[in-house]
Each structure stands twice: as structure tokens, then as C-alpha cells.
Amino acid sequence: MTSEDIIEDPLFKEYKKTIGAYYLMPQEAVELSFGDGSYKEGTVISIVLPINEKIRQSNGRQTIWPSQEWALLRTHEVQYFTELIDFLIDLLQSKGYRTMAPAHSEWFKIMATEPNGPSSNWSERHIAYAAGLGTFSINDAFITEKGIAVKLLSVVTELKLEPDRREAKSHTENCLLCSKGSCGACIKRCPVNAISAEGHDKMKCAQYTYEEESKKLAKSYEGESTVGAGCGLCQTHVPCQSRNPMKNTL
Ligand code: B12
Ligand code: SF4
Ligand code: SF4
């Protein structure tokens with residue numbers, strides 16, 4: 001599932017205010033990679049990759065640590081993402097449109113911000129939101145029409161495309177708790193109480209998903225210990241796992 005959004009969209013400027021001055025607008029991302037004045041016009045393409053059903057189901061059966069399948073996705077995703085991104089970049093460049101992937105650039109950074117915890121200078125979820133592909137949720141994660149158990153990528157290209165329309169009335173519309181005050185299934189699923197009706201504690205979550213115990217688990221699953229095993233219990237065995245729960249369709 002892909003969508004596009006024009007670079008001139010005022011929401012990108014708003015992100016600089018709501019996230020912080022370190023957060024990059026698409027023009028800035030292009031110029032960091034290709035030099036001052038290199039940006040002329042273009043589009044940001046946001047891509048939603050639903051996680052395979054078998055991986056979703058296996059993690060849905062877990063109550064404390066992620067399943068082997070979920071953890072191995074974490075181990076191999078960098079390679080999968082890089083191959084897909086390279087394919088897209090080559091395709092668009094072969095047609096004459098300069099293209100780059102901000103989150104895969106050498107200048108991409110994740111900063112430790114106070115008091116909110118880790119924050120990056122390019123956010124795939126904010127790009128997907130700008131492109132009208134879904135909304136955030138009580139646990140921070142992004143709920144698309146294909147659910148919350150998804151991975152997100154994006155590229156910035158000189159190709160000018162008609163943007164998709166954003167229809168959400170709020171940035172958390174697809175979450176049952178945020179919109180209707182019901183559900184809260186992800187709160188109960190989180191093994192370290194990192195989610196509450198007030199939101200998501202990124203520090204607690206980061207500690208659990210990527211630190212020492214998680215690294216050991218990844219190793220025991222024959223995965224890559226340095227990247228950890230992840231967790232995603234809040235994204236599986238929940239009403240929003242594979243669909244937008246605010247819609248009746250399955
Ligand atoms: C740093 C990071 C983390 C950190 C911090 C998470 C966080 N909330 O930022 C930690 C280590 C905790 C983490 C954990 C996980 N992560 Co992570 N992570 C990232 C990374 C690298 C950067 C995210 C970031 O800093 N964004 C910038 C900050 C500012 O965004 P934010 O804090 O979420 O934004 C909030 C505010 O801006 C707020 N907001 C307030 N006002 C307004 C107004 C408007 C209009 C809008 C739009 C928003 C808004 O909305 C947001 C939610 O509260 C991204 C990859 C990327 N480059 O984007 C992956 C990413 C977000 N992670 C992902 C995944 C899958 C996970 C895990 C499931 C781990 C795993 N693999 O098992 C868990 C899930 C935790 C959770 N419930 O979200 C996916 C997201 C999937 C999804 N459906 O959302 C991403 C996009 C990776 C990918 N390429 O697919 N992650
Ligand atoms: S499980 Fe329920 S409360 Fe949690 S994000 Fe999904 S819809 Fe919202
Ligand atoms: S990824 Fe795991 S630790 Fe983080 S909020 Fe979700 S359930 Fe909790």
C-alpha cells in the first residue's frame with residue numbers, strides 16, 4: 001500500500017514545531033543528501049508493509065516476550081527494507097527523478113530527548129500520517145487500514161505526484177480508546193506497564209524492546225543480538241492488529 005504527499009504540505013512545517021527544531025522537512029532532507037539548492041519540487045512517498053499473518057499470529061500467542069518469528073523479523077528487516085528502498089530509488093532514478101530515503105541516510109539520527117525519550121529527525125509515522133495512511137494511537141503506534149502490526153518506509157523523490165487526501169479528523173482517530181474511550185487491550189498486553197490511558201512511556205518500552213535481556217533473547221532465537229528482539233505485544237492480539245478498528249469491515 002503506498003501513498004504520496006506533496007512536499008509543500010504545511011503539516012511538515014507544523015512538525016518542526018510539535019516535534020522540535022531538529023526534525024527535518026523534506027526539502028532539508030534532500031539538501032542534506034544532495035547539497036544546498038538541490039531541492040526543486042517533489043513528493044514524499046509513504047509505504048505501509050503489513051507484517052506477515054503467521055508472524056502476527058505467533059506474537060499474538062505471547063504474553064511476556066516476543067515470538068521467535070517476530071524477533072527474527074527484527075533481525076532481518078534492515079536487509080529487507082534496504083532491498084526494497086534500493087529498488088524504488090533505482091526505479092525512480094532510472095526515469096530521471098532524483099530520489100532518497102531519509103531514514104536510510106547517513107545523517108539519520110535518533111536523539112535522547114528530555115523528558116520524552118528517543119526521538120528521530122525523520123519519522124516514518126508522521127510521514128504516513130501526512131500521506132493520509134492512518135493515525136497514531138494511545139500507545140504511539142500507527143494504525144492503518146491494514147492494522148497496527150505494520151512496518152513503515154518512505155522516500156523523497158523529484159517526481160511530482162497528486163497527493164492522497166487526509167481524512168482523519170484527529171491524529172489519533174483510528175484508536176478506539178482515543179476516539180470512543182473503549183478498548184485499552186494494548187494496555188493489558190504490555191508486559192512492563194509502559195502504556196496507560198495517559199499514553200506510552202517510551203523509556204520503559206525502549207529498555208524492554210532493545211536492551212540486555214532482549215539482546216539475549218534475540219541470540220537464543222538465533223537472531224542478531226545487537227538489534228534486540230523487539231516486542232510488539234501491543235500490536236498483536238488486539239482489535240487493531242490487522243484493521244482499522246473504527247471501521248466495521250474485517
Ligand atoms: C525511536 C523509535 C522507537 C523508540 C521510541 C518510540 C516512539 N514512540 O517514538 C522505541 C524503542 C520505544 C520503539 C519501540 C517500538 N517500535 Co519503533 N521506532 C523508532 C523510530 C526509529 C523513530 C520514531 C521517532 O522517534 N519518531 C519521532 C517522534 C517525535 O514520534 P512520536 O514520539 O511517536 O510522536 C508522537 C507525537 O508527535 C504525537 N503528536 C502529538 N501531537 C501531534 C499532532 C499531530 C498532527 C501528529 C501527527 C502527531 C502528534 O504523536 C506521536 C504519538 O504520541 C521509528 C522509525 C522511524 N524512522 O520513524 C521506529 C518505528 C516507529 N517503530 C516501529 C516498531 C514496529 C516498534 C516496536 C513494535 C518494536 C518492535 N519492532 O517490536 C515498538 C512499539 C512501541 C510503540 N508502542 O510504539 C515502527 C512503527 C510501527 C507502527 N505501527 O507504528 C517504526 C515506524 C519502524 C518502521 N520502519 O516500521 N521505537
Ligand atoms: S488496542 Fe485498542 S486502545 Fe490499543 S491502540 Fe488498538 S484500538 Fe487503541
Ligand atoms: S512494544 Fe512491548 S514494551 Fe513497548 S509498549 Fe508495546 S507491549 Fe509495551
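Okay, so ligand 3 to begin with. In this predicted model, the residues around ligand 3 are C190, P191, V192, I195, H200, C205, Y208, T209, C231, G232, L233 and C234. Sort that shell by type and you get 9 nonpolar residues, 3 polar and no charged. If you're wondering which element gives the most, that's helix α8, residues 202–210, with 3 residues of the shell around ligand 3.

Keep α8 in mind, because it comes back with ligand 1. Around ligand 1 there are 36 residues, and the closest are E124, D140, F142, L152 and K202. Here too α8 is the top contributor, with 5 residues of the ligand 1 shell. The elements that each put in at least two residues are α4 (68–94), β5 (117–120), α5 (124–130), β8 (150–157) and α8. By type, the ligand 1 shell splits into 20 nonpolar, 11 polar and 5 charged.

Now, which side chains make polar contacts with ligand 1? R125 is one of them: an N or O atom of its side chain is 2.9 Å from a nitrogen atom of ligand 1. Then H126 has a polar side-chain atom 3.0 Å from an oxygen of the ligand. And D140 has a side-chain N or O atom sitting 2.5 Å from an oxygen atom of ligand 1.

Since β5 came up in that shell, a quick word on its pairing. Strand β4, residues 110–113, runs antiparallel to β5, and 4 bridges join the two. They make a hairpin with 3 residues between the strands. If you want one pair to click on, M111 is bridged to S119 in β5.

Next, N139, in the loop between β6 (134–135) and β7 (143–144). Is N139 buried or exposed? Its relative accessibility is 4%, so it counts as buried, the cut-off being under 20%. Its side chain reaches the backbone nitrogen of A141 at 3.0 Å. Apart from its neighbours within four places in sequence, N139 is in contact with I148, C186, I195, H200 and C234. Of those, I195, H200 and C234 also appear in the list around ligand 3. And for a longer reach along the chain, N139 and I187 are 48 residues apart in sequence, with their C-alphas 8.0 Å apart in space.

Q235 makes a nice companion. You'll find Q235 in the segment after α9 (212–220). At 15% relative accessibility Q235 is under the 20% cut-off, so this one counts as buried as well. Outside its neighbours within four places in sequence, its contacts are W70, A141, I148, A149, V150 and Q241.

Last topic, the nonpolar cores. The largest has 25 residues, and F12, Y15 and F142 touch the most other members. α1 (11–18), α2 (26–34), β2 (43–50), α5 and β8 each supply at least two residues of this core, and α5 gives the most, with 4 residues. There's also a second, separate core of 14 residues, and I148, A194, I195 and V238 are included in it.

Let me finish on F142, since we met it among the closest residues to ligand 1. Leaving out neighbours within four places in sequence, F142 is in contact with R125, A128, Y129, L133, G134, T135, F136, G147, I148, V150 and L152. R125 there is the residue with the 2.9 Å contact to a nitrogen of ligand 1, and I148 is in that second core.

Methods: Residues numbered from 1 in each chain as written. Chains lettered and ligands numbered in written order. Predicted model: local features only at pLDDT ≥ 70, side-chain atom pairs only at ≥ 80, totals over all residues. Heavy atoms only, no water. Near = heavy atom within 4 Å. Nonpolar A, V, L, I, M, F, W, Y, C, P; charged D, E, K, R; others polar. Polar contact = N/O pair within 3.5 Å; in protein donor to acceptor, adjacent residues only side chain to side chain. Pairing = 2+ DSSP bridges. Buried < 20%, exposed > 50% of the residue type's maximum accessible area, 1.4 Å probe, protein only. Contact = heavy atoms within 4.5 Å. Core = buried A, V, L, I, M, F, W, Y, C linked by side-chain atoms within 4.5 Å.
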